[in-house]
Amino acid sequence: MLSFLVRLIRLYQNEHGFTPNVLYINGLHYRKLRESLPELGNDEDIARFLRLEIIIRPEAVHPHVAWLNPEGKYFVACG
């Protein structure tokens with residue numbers, strides 16, 4: 001899961017010229033991500049490690065990243 005997210009973030013950076021700041025992910029994928037990062041203790045540590053705000057949404061069939069402005073409006077999404 002971690003390698004998939006790293007590729008997704010790099011793809012976003014290459015396509016848009018800046019890094020995403022949000023990850024949309026469902027609960028199952030988030031559990032797999034947590035399992036791949038056992039050394040990180042809690043959700044905040046994982047978010048800080050990824051440098052992304054993590055939003056768990058059941059309808060996020062596949063993880064995707066986006067950039068949200070401070071008002072919470074999409075700028076660009078990828079994934």
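Biologist: How much surface does the protein expose?
Modeller: The protein exposes about 5,100 Å², and carbon and sulfur atoms supply 53% of that area. Accessible areas come from the Shrake-Rupley method with a 1.4 Å probe, and for residues only the protein chains shown count as cover.

Biologist: What kind of model is this?
Modeller: It is a predicted model, in which local features need pLDDT of at least 70, side-chain atom pairs count only at pLDDT 80 or more, and totals for chains, interfaces and linings use all residues. Residues are numbered from 1 along each chain as its sequence is written, and side-chain values use heavy atoms, with hydrogens and water left out.

Biologist: What share of the residues counts as buried?
Modeller: Of the 79 residues, 33% are buried (under 20% relative accessible area, 1.4 Å probe, protein chains only).

Biologist: Which secondary structure pattern does the protein follow?
Modeller: Along the sequence the pattern is α-β-α-α-β-β-β, which comes to three helices and four strands. These are DSSP runs numbered from the N terminus: helices are H or I with at least four residues, strands E with at least two.

Biologist: On to the largest pocket: which helix gives the most to its lining?
Modeller: α1 does, with four residues. Both α1 (2-16) and α3 (43-50) supply at least two residues each.

Biologist: And which residues line the largest pocket?
Modeller: The lining consists of V6, I9, R10, Q13, T19, P20, F49, L50, R51 and L52. A pocket is an open set of points on a 1 Å grid over the protein atoms alone, where a 1.4 Å probe fits, with protein on both sides within 12 Å along at least five of seven lines; lining residues have an atom within 4 Å of a point.

Notes. Buried means under 20% relative accessible area, exposed over 50%, partly exposed in between (1.4 Å probe, protein chains only).
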